[in-house]
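Please open the structure below in your viewer and keep the selection tool at hand. The tour goes from stop to stop, with a selection to make at each.

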Amino acid sequence: MGMMVTVVVLMSIFDDFFSRAIIGGIGVAMVAGPLGCFVIWRRLAYFGDTLSHSALLGVALALLFEMNITISVFAVSVAVSLMLLSLQKKAMLSSDALLGLLAHSVLAVGLVVLAFMTWVRVDLMGFLFGDILSITIFDLALIYGGGAVVVALLIKIWRPLFAATVSHELAMAEGIKTDVVNLIFLVLMAGVIAVAMKIVGVLLITALLIIPAATARRFSNCPEHMAIMAVAVGAASVWLGLRGSLEFDTPAGPSIVVAALLCFVISLIPISMRHRKQ
Amino acid sequence: MVIERGEIVTLIGPNGSGKSTTAKLALGVLDADEGAVSRKLQLNASYVPQKLKLHRNLPLSVTRFLLLTKRAEKRQVADALRATQTEHLADVQMSNLSGGEFQRVLLSRAILSSPEFLVLDEPVQGVDFNGELALYKLIEDIRNRLDCGILLISHDLHVVMSATDRVICLNGHVCCSGTPDAVASSDEFKSLFGERAASSLALYKHRHDHEHLPDGSIRARDEDLAAVSSNSVDPFANGNDGDSGGSDVDFR
């Protein structure tokens, strides 16, 4: 009897679009937190931007070939990150110029390809800024299923990946297969972008990766602690942002990013001042 | 060039002569364009790089840094820190260390894993003279205790650590190699460096049979001239040459 009630309550939670949005958003925050820390430590903010902008091309290809959008976005992100990696190795341009060039070119190509497909009507705003309120139970399964795989892999490569982040040469000299862990990391990044696109859209994914991690930095003195803090800040931002968007009738994705920014600004207040206020 | 277990080889040479590159080749961080490098399979190597910049955005304590690539017990970490007199820094963030402290922590990290092969790229930079002597003593201890092969890169062209078994002088290629002179007992040396220093430092006399010309070419030097100039003339007055060295390197 009790079981029945619980199941019914759970089912009704998933029935409510707002609850689904919060559960989905928190799921994404759980994955974005630790990966966002690596984005900050490795100074990959612009790299993340380039990858997420390429997601729109993934959307266009999915519509063109009638594939699942998440899988297509994941595949395009992996392809773009591999391309970036090989370009960075031999290119004449500096990394930041190369990334800036690619980030916006890929976004533009995606937009142009979508415009050519006159037979499909797409909610472009939804892809650019997220459509968290239309999350389905299938999306939730994807976020949590995919998220679990990403987190499990990340835990498995955590130590070598962190060592390679601190010093590539040191890690390599002491027998760590830096190429392998770096490659796995790129694939994980692509995975997060594929699931996070639905929540905040291609233009704001990097914000969800970076802002919670940057906020967590002030409160942590070891890497693992920072990753867990980033998850907490991300989840709080999702909750606050969605509540705010309901309250003030603002778009959900940008509201989440604004909430994350608020958390960051609060974290900047020196601790001594915070104590004095209390 | 071969480095065996229990042997200390000191690499010297001017800036840009390929000392660090040789070290990275030995560790397998770089691949050789010419020549070949062979290492023992599953070599347990440890590395103290010349430069390591850690950004402030990395939350990393000294203890966590020591455990970066290898696992160890708390007691072993404490022992490794004590060996370089940095045990009071265990919980300090890496970004808050001074240059000399950072260098000693790097050395602690390298000895924590009990390596068979240890590469030290200018390990005494930023350390004061007394600290330098203490570190040389420590490096000698490490070699005696772990019986590991040590490749030490030194910034000083003439003064090397006395426990060195072999000195190799590089400038694009091996210019000369040999054992440091046992002058520690000479009074002149003692008065120059002090009693304590005399036991850990030694002089190295270059024996070059060629000169590096400004255009990068090499000219053979005749014997008489070499005998005179090796004592007084800086053998590296001229620039680098472009020869990246085709010799084989062997690490066991």
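Begin with chain B, where the domain assignment gives domain 1 as residues 2-44 + 118-251 and domain 2 as residues 51-114. Colour these two ranges separately. Keep in mind throughout that this is a predicted model.

**Stop 1: where the two domains of chain B touch**

How many residues of domain 1 of chain B are in contact with domain 2 of chain B? There are 12 on the domain 1 side, and they touch 10 residues of domain 2. Now select helix H5 of chain B, residues 129-146. H5(B) supplies 5 residues, the largest share of the domain 1 side. By class, that side of domain 1 divides into 7 nonpolar, 4 polar and 1 charged.

**Stop 2: two helices of chain B**

Select helix H3 of chain B (residues 74-83) together with helix H4 of chain B (residues 99-112). Their axes are 8 Å apart, and the helices pack at an angle of about 135°. That angle makes H3(B) oblique to H4(B), since angles over 145 degrees would be needed for roughly antiparallel. The crossing of this pair, H3(B) and H4(B), is right-handed.

Show the side chains at the contact next. From H3(B) they are B:Gln76, B:Val77, B:Ala80, B:Leu81 and B:Ala83, and from H4(B) they are B:Ser108, B:Ile111 and B:Leu112. Of the residues in this contact, 6 are nonpolar, 2 are polar and none is charged.

**Stop 3: the sheet of chain B**

Switch to a cartoon view and find the open sheet of chain B, which is formed by 6 strands. Reading across the sheet, the order is S4-S5-S6-S2-S8-S9, and the pairing is mixed. Which strands are at the edges? They are S4 (45-48) and S9 (174-178) of chain B, each of which pairs on one side only. From one strand to the next, the twist averages 15°.

Zoom in on S4(B) and its partner S5(B), residues 117-121. The two strands run parallel and are joined by 4 bridges. Select B:Val48 and look across to S5(B): the residue opposite is B:Leu120. Bring H4(B) back into view as well, because it lies across S4 and S5 of chain B, running at about 180° to S4(B).

**Stop 4: where chain B meets chain A**

Show both chains. The contact takes 17 residues from chain B and 18 residues from chain A. On the chain B side, S4(B) gives the largest share, 3 residues. That side has 11 nonpolar, 5 polar and 1 charged residues.

**Stop 5: two helix pairs in chain A**

Hide chain B and select helix H8 (residues 137-166) and helix H10 (residues 178-200) of chain A. These helices pack at an angle of about 155°, with their axes 9 Å apart. That makes H8(A) roughly antiparallel to H10(A). Their crossing, H8(A) with H10(A), is left-handed.

Among the residues of H8(A) in the contact are A:Gly146, A:Gly147 and A:Val150, and those of H10(A) include A:Phe185, A:Leu188 and A:Gly191. The contact of H8(A) with H10(A) divides into 15 nonpolar, 5 polar and 2 charged residues.

For the last selection, take helix H3 (residues 45-53) and helix H6 (residues 95-116) of chain A. How do the axes of H3(A) and H6(A) cross? They come within 8 Å and cross at roughly 20°, which makes H3(A) roughly parallel to H6(A). H3(A) passes H6(A) in a left-handed crossing.

On H3(A), select A:Tyr46, A:Phe47, A:Asp49, A:Thr50 and A:His53. They meet residues of H6(A) including A:Asp96, A:Leu99 and A:His104. By class, the contact of H3(A) with H6(A) has 7 nonpolar, 4 polar and 2 charged residues.

Key
Residues numbered from 1 in each chain as written. Chains lettered and ligands numbered in written order. Predicted model: local features only at pLDDT ≥ 70, side-chain atom pairs only at ≥ 80, totals over all residues. Axes fitted to C-alpha atoms, helices over the stretch in contact; angles between N-to-C directions. Parallel < 35°, antiparallel > 145°, perpendicular 65-115°, else oblique. Left-handed = near helix turned anticlockwise from the far one by under 90°. Contact = placed C-beta atoms within 7 Å. Nonpolar A, V, L, I, M, F, W, Y, C, P; charged D, E, K, R; others polar. Pairing = 2+ DSSP bridges. Domains from an automatic or database assignment.
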